[in-house]
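Colleague: Please take a close look at a single part of this model and describe in detail how it is put together. I should also like to know what lies against it and how the side chains are placed there.

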Amino acid sequence: MTHIAIPIPTGTGKQDINIEVTINNQKQSLHYKVELFFWDECQNPNGHRADCISEMLAKHDPNWTLYYIGAPTDKFVPITFMERRREIGDMRREI
């Protein structure tokens, strides 16, 4: 998949994003979500943050794939996921 950047207004908390695109006269619907993962929810909140992110992602819904890890703050890290899809012939279908 090639990438384009689309600015999304900053919100507080979880964001649910649906984007419809037309590529070569074929419409596709893409579904993203941004979730905030708080450091104090880690098993070891004072440990290395990379370990904390790994721990939180291990428990995440497998129907969503990691898309982007945003800039962390002192309290949380925003993480963007894209809904997984599978190819069926020429059609894309959500699983």
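**The sheet and its surroundings**

Modeller: Six residues lie between strand 3 and strand 4, which together form a hairpin. Strands here are DSSP runs of E with at least two residues, helices are runs of H or I with at least four, and both are numbered from the N terminus. The model is a predicted one, in which local features need pLDDT of at least 70 and side-chain atom pairs count only at pLDDT 80 or more, while totals for chains, interfaces and linings use all residues. Residue numbers start from 1 along each chain as its sequence is written, and side-chain values rest on heavy atoms, with hydrogens and water left out.

The hairpin belongs to an open sheet of four strands, whose order is 1-2-4-3 and whose pairing is antiparallel. Strand 1 (15–23) and strand 3 (64–69) are at the edges with a single partner strand each, so one side of each has no neighbour in the sheet. On average, neighbouring strands of the sheet are turned by 30° against each other, direction ignored. Such angles are taken between axes, which are lines fitted to C-alpha atoms (for helices over the stretch in contact); they run from 0 to 180 degrees between N-to-C directions.

Two strands count as paired if DSSP finds at least two bridges between them. Strand 3 and strand 4 run antiparallel and are joined by five bridges; in this pairing, Tyr 68 stands opposite Thr 80 of strand 4. At the other edge, nine bridges hold strand 1 and strand 2 in the antiparallel sense, and Asn 18 faces His 31 in strand 2. The hairpin of strand 1 and strand 2 has two residues between the strands, and Asn 24 takes a positive phi near 50° there. Strand 2 (residues 26–38) and strand 4 (residues 76–83) are antiparallel too, with seven bridges between them. Among the partners in strand 4, Ile 79 is matched with Glu 35, and Val 77 with Phe 37.

Helix 1 (residues 49–58) packs on this sheet and touches strand 2, strand 3 and strand 4, its direction making about 40° with that of strand 4. Contact means heavy atoms within 4.5 Å. Strand 4 is mostly covered, as seven of its eight residues are buried. Buried stands for under 20% relative accessible area, exposed for over 50%, and partly exposed for what lies in between (1.4 Å probe, protein chains only).

Aromatic side chains deserve separate attention. A pair of aromatic rings is described by the distance of the centres and the angle of the planes. Rings of Phe, Tyr and Trp (its six-membered ring) pair if their centres lie within 6.5 Å; planes under 30 degrees apart count as stacked, over 60 as edge-to-face, and the rest as tilted. By this rule there are three aromatic pairs. In one of them, the ring centres of Tyr 32 and Tyr 67 are 5.4 Å apart and the planes stand at 70°, so the pair is edge-to-face. This pair links distant parts of the chain, since Tyr 32 is in strand 2, Tyr 67 is in strand 3, and 35 residues separate them. Tyr 32 is buried, with a relative accessible area of 10%, whereas Tyr 67 is partly exposed at 33%. A further side-chain arrangement involves a charge: the charged end of Lys 33 sits over the ring of Phe 81, 5.9 Å from its centre. This description requires NZ of Lys or CZ of Arg within 6 Å of the ring centre and within 35 degrees of the ring normal.

One cysteine should be added to the picture. Cys 42 lies in the loop between strand 2 and helix 1 and counts as buried at 6% relative accessibility. Leaving aside residues up to four places away in sequence, Cys 42 touches Cys 52, Glu 55 and Met 56. Cys 42 and Cys 52 are ten residues apart in sequence, and their C-alpha atoms are 5.7 Å apart in space.

For the wider setting, the protein comprises one helix and six strands, in the order β-β-α-β-β-β-β from the N terminus on. Of its 95 residues, 29% count as buried.
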